[in-house]
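Here is a short report on a protein model with a bound ligand. It covers the ligand site and one patch on the surface.

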Amino acid sequence: MSNDLFDFGMIGLGTMGRNLLLNMADHGFAVIGFDKDETKGSALLTESSSTHHVKAVVSLSEMVQQLKTPRKIMMLVPAGKPVDDVIESLLPLLDKEDIIIDGGNSFFNDTLRRTNYLQNKNVHFVGMGVSGGEKGARFGPSIMPGGDIAAWNYLKPLLEAVSAKVNNEPCVAYMGKGAAGHYVKMVHNGIEYAIMQLISEVYDVMKKGLQLNNQELHEVFKHWNENDLKSFLIEITAAIFLQKDELTKNDLVDVILDKAGSKGTGKWTSQEAMNLPVSIPTIDIAVAFRDISVYKEERVAAAKIFGTKDQMITADKNNFIQQIGEALQCAIIISYAQGLSMLHKASEIYQMDIPLDDVVKIWRGGCIIRSTLLEAFYESYQKNKNLSNILLDEIIASLIESKEKSLRTIIAKAMESKIAVTGLMSAVGYLDAYTSDRMPTNLIQAQRDFFGAHTYQRIDKDGTFHTQWNN
Ligand code: 6PG
């Protein structure tokens, strides 16, 4: 009888759910999927091979009955109410010690609420980030589970088998207590937003400023991907410039409307950073610029009022492109620094015990922000697991120092040509403030005390002070 039972159940057989199940089946696990939409179940079966042990059902109870105990059931449904609805329909069907996994991009506070709720019902709950898109799910994602440590121990062999591997090491690890899994995934996405913003800015500089065509842009990104900037996002950017549009036969990138979508994880990262508080300006700018892009009609009207500008940059092309690459790398490192410092702070505030060394270790492969840089960050955290900011690591600092001049040069040139490089600017601004032993915030404190008696601290004595300012 037990041979007929399944190792793992999936609720939601969209592309991600289907691909994850097929990935598990590739690794010899018997898997069963549920979706009310019968065509999704059929797609799962069509895509499975004869060696797979796979089944699709349209009844939740039918799925639950056919799982080995403790049952391991993952939901891949849209974040928000659908997750609560699925939990409610599952609960009457489950036994003590069964495990529910939320593999979607849920908001971490919802995950925390669900963890506490299900703990009272003796059901394990794991909030788990999964990154890598459709291909990642099918052939090896980066997986960020958190919360219930007992459940993690049950899930470990399966998740290790299906995750991406780097140097034969699985890109999955326990991310910490409570909502740590979804928290780490949220910040992953915030960094993803920042890197995408920075790449779009240097694209603008090269397209408008240097008048590079798509073939030339492809070659630049391809070259970068073979060198210091090697990463998934640079790799796909190189490929994007070669893609033709089936309708017009023109380059596809040129016919795509310049309005960026977003599902919310970037915004959550920014909002949450302000709550902590911690400073992540490059992620904030990335969110803000996706937002401004949506105001297309207003932008077109404003462009008419302000007139079309000559945005050409005069510079030695090859040398300038090399500097752009260095500027981009520098700003990308600073974006990781912001995101990772946020995780450090959040781990402390919410007592999540997030192992930062493991975070960067499992981001080395499978996920959207995978990059060779992660290896360097991994080395930094291996030296000091509790590093509050990777900019404090000497090796990372010297990497930044070797590139920051290019970052400043590119920003200055772009600004003269009226090309918005606000992400790059925010990165250098963060660097300058973070590495400043004397910020001008003494003046802000003086102003606050002047108009509102908000008090200030002194550099030469302990205590809190207020002055009767002369007006
Ligand atoms: C991933 C991605 C994935 C998704 C983003 C897109 O890690 O695989 O981050 O989670 O593609 O949520 O987010 P936006 O729609 O907000 O750009």
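The text below takes the ligand site, then the surface patch.

**Ligand site**

This is a predicted model. The ligand is surrounded by 14 residues. Ser131, Lys185, Glu192, Tyr193 and Lys263 are the closest. By class, the shell holds 8 polar, 4 charged and 2 nonpolar residues. Helix 8 spans residues 180–209. With 5 residues, helix 8 gives the most to the shell around the ligand.

The table lists polar side-chain atoms that lie by an oxygen atom of the ligand.

| Residue | Distance from a polar side-chain atom to a ligand oxygen atom |
|---|---|
| Tyrosine 193 | 2.5 Å |
| Glutamate 192 | 2.6 Å |
| Asparagine 189 | 3.1 Å |

How much of the ligand does the protein bury? Taken alone, the ligand exposes 410 Å². The protein buries 80% of that area.

**Surface patch**

Which residues make the nonpolar surface patch? Phe450, Phe451 and Trp469 do, and the patch measures about 350 Å². Phenylalanine 450 is found in helix 20, which runs over residues 441–452.

Is phenylalanine 450 buried or exposed? Phenylalanine 450 counts as partly exposed because its relative accessibility is 41%. Partly exposed is the range between the buried limit, under 20%, and the exposed limit, over 50%. A residue joins a patch at over 30% relative accessible area, provided that it has no salt bridge.

Methods:
Residues are numbered from 1 along each chain as its sequence is written. This is a predicted model: local features need pLDDT of at least 70, side-chain atom pairs count only at pLDDT 80 or more; totals for chains, interfaces and linings use all residues. Side-chain values use heavy atoms; hydrogens and water are left out. Patches are made of residues with over 30% relative accessible area and no salt bridge: like charges are joined within 9 Å, nonpolar side chains (Val, Leu, Ile, Met, Phe, Trp, Tyr) within 5 Å. Accessible areas come from the Shrake-Rupley method with a 1.4 Å probe; for residues, only the protein chains shown count as cover. A salt bridge is a side-chain nitrogen of Lys or Arg within 4 Å of a carboxyl oxygen of Asp or Glu. Helices (H or I, at least four residues) and strands (E, at least two) are DSSP runs, numbered from the N terminus. Buried means under 20% relative accessible area, exposed over 50%, partly exposed in between (1.4 Å probe, protein chains only). A residue is near a molecule or strand if one of its heavy atoms lies within 4 Å of it. A polar contact is a pair of N or O atoms within 3.5 Å; within protein, one must be able to donate a hydrogen and the other to accept it, and residues adjacent in sequence count only if both atoms are side-chain atoms. Ala, Val, Leu, Ile, Met, Phe, Trp, Tyr, Cys and Pro count as nonpolar, Asp, Glu, Lys and Arg as charged, and the others, Gly among them, as polar.
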